[in-house]
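Got the viewer open? Keep the selection box handy, and we'll walk through this one stop by stop.

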Amino acid sequence: MVFGDNSLTISHESGCSIEFNSLDALRQVGHEVPKDIRVASADDWQSSRSQVKELSDTAPKFDWTFTPGNYMGTIKGNVKVESTKERIDLEKLKRREKIHFYEELVLFEDELADNGTAELNVKI
């Protein structure tokens with residue numbers, strides 16, 4: 001299920017922003033199933049049908065897991081993204097502090113035909 005109206009935009013006073021939305025994320029979904037993803041019962045299912053040659057032709061030709069690749073949001077405005085040597089202070093993250101604000105926004109989810117679930121969400 002796609003929640004097309006759900007989006008999170010973080011804006012800077014300069015006019016630049018980063019937006020997280022379901023449609024841009026889904027545009028990043030590949031056309032091939034990632035090779036490292038298999039349904040738990042796939043081997044048993046395949047071995048019980050080893051005599052049928054046509055099964056390889058019925059495999060999905062799209063990424064049925066809806067993995068959005070390397071989606072990190074949509075940047076808008078005059079922004080230059082570049083690598084840095086700065087790192088997140090992990091010790092600061094380990095401190096127990098009161099959480100003053102938390103929100104989770106679901107962009108899309110799917111039950112993957114009863115083979116697990118896929119969900120893309122943004123947490124702030």
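What follows is a short tour, from the whole chain down to single side chains.

**The whole chain.** Bear in mind as you look around that this is a predicted model. Colour by secondary structure to begin with: the protein has three helices and five strands. Tracing from the N terminus, you should pass through them in the order β-β-α-α-β-α-β-β. Now switch on the surface. The accessible area of the protein is about 10600 Å², and carbon and sulfur atoms own 52% of that. Of the 124 residues, 20% count as buried. If you like contact maps, take the contacts with a separation of 6 or more: 62% of them are between residues 24 or more positions apart.

**Stop one: F20 and Y71.** Select these two and show their side chains. How are the rings of F20 and Y71 arranged, stacked or edge-to-face? They are edge-to-face, with 90° between the planes and 6.4 Å from centre to centre. Don't go hunting for others, as the count for the structure comes to one aromatic pair. Now look at where the partners come from. F20 sits in strand β2 (residues 17-21), while Y71 is in the loop between α2 (42-48) and β3 (74-76), so the pair ties together parts that are 51 residues apart in sequence. Check the accessibility too: F20 has 17% relative accessibility, so it counts as buried. Y71 is buried as well, with a relative accessible area of 17%.

**Stop two: E19 and K76.** Stay on strand β2 and pick E19, then add K76 from strand β3. Their side chains make a salt bridge, with the closest N and O atoms 2.5 Å apart. This is another link between distant parts of the chain, the two residues being 57 apart. The partners are not equally covered: E19 is buried at a relative accessible area of 14%, whereas K76 counts as partly exposed at 38%.

**Stop three: S22.** Next, select S22, which is in helix α1 (residues 22-26). Is S22 buried or exposed? Its relative accessibility is 0%, so S22 counts as buried. To see what surrounds it, ignore the neighbours within four places in sequence and show V2, F3, G4, N6 and L107, which are in contact with S22.

**Stop four: more salt bridges.** How many salt bridges does a search of the whole structure find? There are four, among them the E19 and K76 pair you have just seen. For another, select D24 and R27, whose side chains meet at 2.5 Å, N to O. R27 is exposed, at 61% relative accessibility. Then move along to E91 and K94, where the N to O distance is 3.2 Å. Both of these residues belong to helix α3, three residues apart, or about one turn of the helix. E91 and K94 are both exposed.

**Last stop: a nonpolar patch.** Go back to the surface view and colour I10, F101 and I124. Together these three make a nonpolar surface patch of about 300 Å². Zoom in on F101, which you will find in the loop between α3 (90-94) and β4 (104-110). F101 has a relative accessible area of 57%, so it counts as exposed.

Terms used
Residues numbered from 1 in each chain as written. Predicted model: local features only at pLDDT ≥ 70, side-chain atom pairs only at ≥ 80, totals over all residues. Heavy atoms only, no water. Phe/Tyr/Trp six-rings, centres within 6.5 Å; stacked < 30°, edge-to-face > 60°. Helix = DSSP H or I, 4+ residues; strand = E, 2+ residues; numbered from the N terminus. Buried < 20%, exposed > 50% of the residue type's maximum accessible area, 1.4 Å probe, protein only. Contact = heavy atoms within 4.5 Å. Areas by Shrake-Rupley, 256 points an atom, 1.4 Å probe, with all protein chains shown as cover. Patch = residues over 30% accessible without salt bridge, like charges linked within 9 Å, V, L, I, M, F, W, Y side chains within 5 Å.
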